Every structure is written in structure tokens, then in C-alpha cells.
Amino acid sequence: MHATGILYPRPSESRETLSLDGIWKFAIANRSEQNKGFEEKWYQAALQHCAVKVIDMPVPSSYNDITQDSDIRDHIGWAWYHRDFFVPRTWKSQRVNIRFGSVNYFAIVWINGVEVTSHSGGYLPFDVEVTDHLKFGHPNFITVAVNNTLTPWTIPQDFFNYAGIHRPVILSATPKTYIDDITINTTSVSDSEGTVSYSVELGGSKIAAYSVIAEVYDSRDRLVAQSKGLTGEIRVTNPNLWWPRGMNESVGYLYTLKGDVYRLPFGIRFIQWNSTGVYLNGKSVYFKGFGRHEDASLRGRGLDLVTLTKDYNLMRWIEANSFRTSHYPYSEELMDLADQQGFLVIDEVPAVGLDNFDDDLLEAHKQALKELIQRDKNRPAVVMWSIGNEPQSQKQVSAHYFERVSNYTRSLDLARPVTMVLAQSYASDLAAQFLDVICINRYFGWYSDTGHSELITYQMVKEVTAWHDKHLKPVLVTEYGAGALAGLHTDPPVVWTEDYQVVLMEQNFKAFDQLREMGFLIGEMIWNFADFATPQEYFRPTGCMKGVFTRDRQSKFAAHFLRRRYAQLFC
């Protein structure tokens with residue numbers, strides 16, 4: 001597996017790709033015979049020739065909701081995938097990789113019966129060279145074993161445990177000497193010039209004799225700057241800066257860095273922050289957006305370009321400018337559109353409700369951060385790293401833990417602020433002292449003082465002010481909201497109705513307006529964008545109903561109310 005780059009496979013003059021997406025063969029291991037597939041070596045032949053019930057399964061998708069079988073929906077343990085494929089004879093002189101966008105949670109991969117890689121962590125890509133294991137111009141087969149068992153050391157979660165091969169599977173061919181990684185940073189910007197530093201890491205053979213010419217092209221594919229060498233600075237005259245929605249008439253402007261021949265989109269922009277604000281290109285940012293999930297009917301957490309595109313249309317319609325990848329990294333295809341359409345992203349590592357602060361968890365946490373930043377470091381849309389969501393940060397042991405995690409994040413990237421989403425009291429929390437920006441989740445009128453909307457404005461103003469006064473850092477409310485069953489109404493409003501969801505929002509808006517005038521609130525993100533699946537629970541009717549849109553992306557009353565709010569907010 002790569003120790004450095006994880007560039008998305010992009011075809012070019014010197015690179016080719018082959019998708020392995022489609023219908024695979026699939027089987028789950030019996031609960032009482034979880035190791036049967038390994039004992040009988042299911043990876044050495046087609047699954048349909050093994051002693052197991054085999055069905056068809058689309059890739060990418062979650063396997064849980066594809067059938068009518070509750071044993072598959074609720075399966076915990078090993079599941080097996082298999083498919084046949086061909087590799088062109090012309091690839092024999094190339095270096096061939098296989099790349100998985102995401103497999104949840106632990107994966108083992110075999111090519112033609114030989115184990116080639118394994119990976120832990122369900123939301124980030126992994127790849128491996130497989131040149132020596134392929135038969136060029138002849139049939140090949142691939143087997144993947146997936147295990148979705150979660151423990152305190154696999155970084156737990158509180159949403160439905162969707163599992164399977166969730167994102168694209170791609171074979172790619174490159175020259176024997178190739179670009180393995182690219183890092184781009186905006187170092188300075190003025191009205192007349194933007195300075196971009198870059199570094200290129202090579203892989204393969206004959207690296208010492210290899211040179212790179214880095215060329216920058218504008219959005220109309222015109223060459224605007226170039227530099228020679230594996231590292232250097234490129235100066236772009238009269239640059240078009242990358243701006244998010246609502247802050248400039250030019251939104252999501254992207255350049256392309258070209259070399260070897262690999263084309264990497266990037267934006268020219270810079271981030272600053274202090275005790276009261278976050279600034280993009282010197283201008284104060286106010287986040288108006290959502291917490292979200294990668295979640296849709298039938299395909300679960302599997303990549304679905306239809307739902308993905310619809311969601312961006314809805315976010316533009318509602319006048320949002322941002323979202324948090326709660327509570328894990330989202331697909332690269334989704335992140336590409338954030339770059340292109342000018343949405344600000346708080347990029348969150350999969351670390352929900354952390355409690356067991358031991359060294360094993362720390363290493364898993366740091367590895368996930370390393371993979372996340374490696375993947376998304378060049379994205380202009382990503383403006384903050386979130387190192388977790390709602391940990392037990394009141395525990396004394398958590399202080400040293402999050403000091404190390406925060407410092408590790410900065411060792412990987414100093415260009416963006418570090419944050420974490422906190423749920424403990426400002427009086428007892430021990431993690432905020434190590435962050436650059438404080439994010440908090442607060443459900444006044446819902447989880448506390450349920451139904452008492454008259455208390456919300458006072459409580460929210462008091463809460464946010466206390467966090468800022470204690471730490472002298474900007475504060476962002478990343479979650480607030482109420483569950484609402486679509487079509488349920490009462491007058492006067494009561495909880496679970498669409499009416500109460502709007503009343504709760506209205507009282508929070510009053511607090512946000514007061515806090516914004518005080519100068520240290522930098523944004524409001526409602527929970528949630530759309531209803532999503534959760535485990536079977538007596539207090540959530542088939543899922544979390546806090547969405548302003550239903551799970552099939554129809555608007556509740558709250559969506560129209562929020563649209564008016566966001567349209568009136570200017571960054």
C-alpha cells in the first residue's frame with residue numbers, strides 16, 4: 001500500500017483507468033461460522049463455486065438495504081464480494097494499481113487468489129500495486145472480504161452501520177516512473193500576483209533521472225504560469241481567487257496544475273484566523289449551512305451521483321454556503337463539486353463520541369487524520385479540519401489525548417485551523433484549549449427543556465458567550481434543531497411537528513443575530529440537511545427526523561423558513 005500519495009486516478013495522455021464498478025457476486029458469513037470463508041479459502045475461486053448462498057450486489061453501494069433479508073440488513077461480521085475482469089494486453093508494460101474509494105470497515109483484497117492488501121477505516125481510499133498479480137489479456141478475478149464490526153478502537157459511530165464497498169473501485173495504469181503525490185499551497189496573494197508553492201513526489205523506477213515541468217492552466221485551459229523541478233513556486237499574474245458562495249461574484253474558480261501528465265484542479269486562496277473570526281482572502285467568513293450524512297434510500301452510504309447532485313441543487317436553492325462532513329470524510333466525487341461550486345467544507349475525521357482514550361485509539365485516530373489530510377490537502381473548499389464529534393472531553397485523560405491529536409494535525413497542515421465539535425459543558429470541557437476554532441452542538445428546547453421554546457434564545461446566547469469568554473476563540477454552532485415528522489402539524493406547536501421545528505429555529509435565529517453583533521459567532525449549521533437512517537431505536541421513528549428535507553429530498557416547512565434566513569445573511 002502507498003505510504004505517500006493517494007491521488008485520484010485521472011486518465012490522461014500517459015494514464016489509463018478501468019472501472020470495476022458494476023454487479024458483483026456477494027455472500028455473508030453465517031453468524032456461527034464467521035471464519036468459514038477463510039477456512040475454505042473462498043478467495044481462491046468464484047464465490048458461486050463455494051458452499052455459500054450467493055446473490056448479486058451492486059458496487060458501489062451499501063449491501064444492507066438491497067434485499068428483503070433482515071439477516072443481510074443487520075449483518076455484523078464478514079461479507080464477501082467477487083467479480084471477474086479483464087486487463088488490456090497494452091497495460092503489460094505499465095504499472096497497474098487498484099484503488100478503493102472506501103470499504104466499510106475492514107477490508108482484505110485478493111487478486112487471482114493472492115492477498116494484495118488490507119485496510120482499516122471505512123471512509124477513506126486505499127490502493128496497492130497489482131502489476132505482478134495480473135494476467136494481461138486473460139480473465140482475472142478479485143475477491144474482497146469486508147467486516148463491519150465496530151469496537152471502541154475502530155472509532156465508534158452513532159448512526160446506522162452501513163457496510164460494503166461504498167465508493168468506486170478503479171484499476172489504473174501509469175508509466176513505470178510516475179507522479180505519486182502533489183502538494184499545493186497558496187503562500188501569498190496580492191491584487192497583481194498569486195504565489196503558489198508546489199512539491200511533487202515520484203514513484204517507481206529511475207526517479208533520479210526524472211524531471212517535472214509544472215504548468216498552470218486557467219479555467220479556459222490557457223497556460224498562465226510554469227516552473228521546472230520537483231519543488232518550486234509558481235507566480236500567477238492577476239489571479240482569479242477561489243471564493244465561496246455569497247462572498248464574491250466569481251465562485252469556485254479553479255486552476256489546473258499539469259505534470260507527467262496528471263492534471264490536478266486547485267484554487268488560489270488563503271485562510272487566516274484570530275480570537276474572533278476566520279477569514280478567507282482577507283474577508284470575514286460566516287458559515288451558513290448544514291450537518292449532513294452520506295445517506296439515501298436503497299443505496300445506504302454508497303456513492304450515488306443522482307442523490308449527490310440533487311443535494312447540491314438543494315443547498316444552492318436554500319442559499320447555504322457550507323457544510324460539515326459529519327461524521328466522516330465524504331466521497332471525492334462529492335468534494336469535487338464543493339470545490340467547483342464554492343461550498344466551504346469543515347472536513348471531519350471519523351471519530352464520534354470518543355471515550356476510551358488509550359494509545360491504541362490514538363494511533364487509529366492519527367492514522368485516519370493522516371489519510372484524510374493526505375487526500376484533501378489540496379482542496380480549496382476545505383477550510384477547517386475537525387478532529388472529532390462530541391467526545392467525552394470532560395474526562396481528565398482527554399486533555400493530553402486531544403493535545404496530541406491537535407498537534408499532530410498541525411504537523412500535517414498549518415494552513416487551516418483545527419477544530420472539534422464539542423457537546424460537554426464549557427465549565428468541564430478540557431479539549432477546547434487546544435483548538436483554533438470552537439464548534440458546539442446545542443439542542444435547547446429539544447434534548448433539554450423539551451418543548452420550552454421560550455428559553456432557547458437566552459440559553460444559546462449565554463452558552464456561546466461563555467465559550468468565547470473562557471477561551472477567546474471564535475465559536476461556530478455546528479448543530480441545533482428538532483425532529484419533525486413530515487406532514488405532522490399542531491396548533492399550538494408541540495415536539496415532533498413541522499410547526500415546532502420552525503419555532504425552535506426561529507428562537508435560535510434570534511440568538512444568532514445577537515451573538516453575531518457581539519463579534520465572535522462565525523456561523524450556524526442546522527442539524528440536519530435531510531432525514532437519515534439510524535439503528536432501530538424506540539426514540540427515533542425509523543431514523544433521525546431532524547432534516548429540513550425528508551430522506552427522499554422533499555422539503556419540510558423548515559426548509560422554506562431556513563431559505564429565507566440564509567438569503568438574508570451576508571458573509
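**Exercise 1.** In this predicted model, determine how many bridges join strand β4 to β10, and in which sense the two strands run.

*Solution.* Begin with strand β4, which spans residues 78–86 and is joined to β10 by nine bridges, the two strands running antiparallel. To fix the register, take Y81, whose bridge partner in β10 is V144. Next, turn to strand β7, residues 106–111, which is joined to β10 by six bridges and also runs antiparallel to it; here F106 stands opposite N147 of β10.

**Exercise 2.** State how many of the residues of strand β10 are buried, taking buried to mean under 20% relative accessible area.

*Solution.* Strand β10 covers residues 139–147, and eight of its nine residues fall in the buried class, so that the strand is mostly covered.

**Exercise 3.** Give the order of the strands in the open sheet that contains β15 and β18, and identify its edge strands.

*Solution.* The sheet consists of four strands in the order β16-β15-β18-β19, with antiparallel pairing. Its edges are β16 (223–228) and β19 (262–266), each of which pairs on one side only. From one strand to the next, the twist averages 20°. Within this sheet, β15 (residues 213–217) and β18 (residues 255–259) pair over three bridges in the antiparallel sense, and V216 stands opposite L257 in β18.

**Exercise 4.** Describe the secondary-structure content of the region that UniProt annotates at residues 278–568.

*Solution.* The unreviewed UniProt entry places the feature "domain: Glycoside hydrolase family 2 catalytic" at these residues. Over residues 278–568 the chain is 37% helix and 16% strand, while the C-alpha atoms at the two ends are 20 Å apart.

Notes
Residues numbered from 1 in each chain as written. Predicted model: local features only at pLDDT ≥ 70, side-chain atom pairs only at ≥ 80, totals over all residues. Heavy atoms only, no water. Buried < 20%, exposed > 50% of the residue type's maximum accessible area, 1.4 Å probe, protein only. Pairing = 2+ DSSP bridges. UniProt positions renumbered as here; feature names shortened; annotations may be inferred. Axes fitted to C-alpha atoms, helices over the stretch in contact; angles between N-to-C directions.
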